Every structure is written in structure tokens, then in C-alpha cells.
Amino acid sequence: MLKAFENGADGVMVMGCLEGNCHFVNGNFRARARLARVSRILETIGIGAERIRMFNLSAGEGARFAAFVSEFAAEVQQLGPSPINVARQEAAKIPTGEIRV
Amino acid sequence: MITGTPKPIEEILQMLEPYDTIILAGCYGCVTVCRVGGEKEVEILASTIRLAREASGRKIAIREVCLERQCDPEYIETMRPYVEDYQAVLSIACGAGIQFLAEKYMLTPLLPGINTGFLGVTERQGEWAERCQGCGDCVLHLTGGICPVTRCAKSLFHGPCGGSSKGICEVGKDVPCGWQMIIDRLKSLNQMDNYSKLKPYKGWNTSRDGGPRRIVREDMI
């Protein structure tokens, strides 16, 4: 998850199975706990906990998947580029560009 | 195993303030098992530090390594070819490993990335508990396999004391009385006679009272 931010993502979505329906029994609950840790790290280092979120849905819910992506992409668009990308853009002196999710 | 907990990232970033190139060294031993200093934790901490530093406008270069054990010289030696190319080493091994690195690389500042905890066990995924204080004079054969030094908050040898109530120690409602556990266990093993075999007092000369301890095994040298 942190690598995604290092690689330039402005926001990261983590998709898990529906709670109670995971093939790995509690894998999605563990993923949620791991994500909570990453959220705390992002908040602590000034990138912002709101830039990462977990969504739960089944493999057959294509329309729901698309809705989640649109919703989160819009939120990240509102947030603007992550402080990492701002720092990189300033370092490279290029104008603030496209938002990456 | 030796357990530990991560230091707060703010504390680590403050320690790293003077440096722009570091080695972040993990250990495949105990700290990997208790999920605080292994290869995965090296990756997470390295990413965190890089992100924090880049966001603050001052990048840091991190070489990520994980040694087989930081408490054995042959594994520490594997860092020698490149250690002086970096300004500092941040280690997330236990305090023993960090000190051993510091002893071997006298010209490089060593920084601790974790707070070393205790000798303990994994009670369940993500939960560790203390079992041994390394007092150097084990009596577990007399106490039903339950250590009075560790499990009794006062390290008594003649408990339970007046602070024990319904099997719970007065220091906390989640802390079982070590001596009640010992008595219950001895009864279930039909070994209550062991209770009278315990020494009236414990000699602490095998513990830390004589300063740092050393073991020399002539047959192994």
C-alpha cells in the first residue's frame, strides 16, 4: 500500500471480499486491520488517512465496483495531489497535473 | 523469543534528521517472528521514512537489508563491504542486535527503530506475553511449569500474597495471580509437596545483580 504512494498514487483503494464471505475466512478482516495501520502511518507523516480506503464487494458486482471507483476517484480529485506529488512537482518545476488513483 | 514494539515514527524521523543516506537493517530472528523487525517491517518502515522525508522536501536514500541474525558476528560481517558508504544504520533488531552492530562498526552511528520488550510467547496471532526474565536459576520443575519470577508481579517465592483475589492479581484485572496458577497446577499434577521444596528466599546472584552476564562453554570453544 505504501509502495503505491511512493510510486505516485494520490489515493489507494483496497478491494476485499464481502465480510463473512472471504475464501480465506478472515483474510479481509486482517486486510482491514492492516489498512488501518497504513492509515495511521499516512496521517502521521502528513499524507492523510483519507487517501486510502477499503471497499468490500463480491467478484460478481461489476457495477458496484465501477461506482466505488468513481466515488473514490472523485474524492481524491477533491483532495488534490498527495504531498509527495506536490513535492515532486515542485522539485521538477512542472505544473500540477492529472490526479492518479 | 525476544519481543519488541516499533518506535513511534515521529521519534524515528527525529533520529534520522541529520542523515540523508542510511541502511535500514532488519533481522530474520526473533523480531521477524513477533512481526516488528523482519524483512516485511523493513519494507514498511523504509517506505514510511522515504514518504515522510520526500513530503518534507528532503529526500533520504535507504538501503534495505535483513540479516540472518544481528546477534551473531558472521551475519553482521556481511554488511562490512558497504556499511561505511552510509551515514548511519537504523536497526529494527532487538537491543542486543543493535548493540552488536554498534560494536562491530565503530565509525557508523547506530539508531534503534524498535523498543525491545521481553522474553515471551505468541499467545495468539498479534498477541505476545512475557514468560521468562532470565533469572539464571530455573525452578519450573517445582512450580508446575509456571515461573514465579515472571508471572508473579512481585516475583515472590512464597505466594499467593494478600493482593491475590479470586485468582486475579491486584496490579490489574487482566493479570492472573501467578501463584494461584502455580497452586492450581500443582494440585492438578498431584505435586503439592513441591510447594515445600521451594527455597525460603531466592538468590539473585545468577540474575542481573552482578552486572552484564556472560556464558563461557569450554566444550564449544
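This is a short conversation about reading a predicted model, with chain A, its contact with chain B, and one serine as examples.

Visitor: Where should I start with chain A? How many helices and strands does chain A have?

Guide: Start by listing the helices and strands, then follow their order. Chain A has 4 helices and 2 strands, and along the sequence they come in the pattern α-β-α-β-α-α. For its extent, the C-alpha trace spans about 50 × 30 × 20 Å along the principal axes.

Visitor: What share of the residues of chain A counts as buried?

Guide: Of its 101 residues, 38% count as buried. You can also ask which parts of the sequence meet in space. Among contacts in chain A with a separation of 6 or more, 63% join residues 24 or more positions apart.

Visitor: Now the two chains. How many residues does each chain bring to the contact?

Guide: Chain A brings 15 residues and chain B brings 14. Next, look at area: about 1,300 Å² is buried between chain A and chain B, with 60% of that from carbon and sulfur atoms. Three residues, Glu6(A), Arg37(A) and Ile45(A), supply 35% of the area that chain A buries against chain B, more than any other three.

Visitor: How many salt bridges does the rule find across this interface?

Guide: The rule finds 3 salt bridges between chain A and chain B. One of them pairs Arg50(B) with Glu6(A), whose closest N and O atoms are 2.6 Å apart. So Glu6(A) appears twice in our tour, as one of the three residues named for buried area and as a salt-bridge partner, by the cut-off of 4 Å.

Visitor: Which helix supplies the largest share of the side of chain A that touches chain B?

Guide: That is α2(A), with 5 residues. Helices α1 (2-6), α2 (27-44) and α4 (83-92) of chain A each supply at least two residues of this side. By type, the residues there divide into 8 nonpolar, 1 polar and 6 charged.

Visitor: Let's zoom in on one residue. Is Ser155(B) buried or exposed?

Guide: Compare its relative accessibility with the cut-off. Ser155(B) counts as buried because its relative accessibility is 18%, and buried means under 20%. You will find Ser155(B) in the loop between α7 (148-151) and β8 (164-165) of chain B.

Visitor: What does Ser155(B) touch, leaving out residues up to four places away in sequence?

Guide: Ser155(B) touches Pro148(B), Val149(B) and Trp204(B). With Val149(B), look at the backbone oxygen, which lies 2.6 Å from a polar atom of the Ser155(B) side chain. Finally, try Lys202(B): 47 residues from Ser155(B) along the chain, with 9.6 Å between their C-alpha atoms.

Terms used: Residues are numbered from 1 along each chain as its sequence is written. Chains are lettered from A and ligands numbered from 1 in the order in which they are written. This is a predicted model: local features need pLDDT of at least 70, side-chain atom pairs count only at pLDDT 80 or more; totals for chains, interfaces and linings use all residues. Side-chain values use heavy atoms; hydrogens and water are left out. Contact means heavy atoms within 4.5 Å. Buried area is the accessible area (1.4 Å probe) that two parts lose on being put together, summed over both. A salt bridge is a side-chain nitrogen of Lys or Arg within 4 Å of a carboxyl oxygen of Asp or Glu. Ala, Val, Leu, Ile, Met, Phe, Trp, Tyr, Cys and Pro count as nonpolar, Asp, Glu, Lys and Arg as charged, and the others, Gly among them, as polar. Buried means under 20% relative accessible area, exposed over 50%, partly exposed in between (1.4 Å probe, protein chains only). A polar contact is a pair of N or O atoms within 3.5 Å; within protein, one must be able to donate a hydrogen and the other to accept it, and residues adjacent in sequence count only if both atoms are side-chain atoms.
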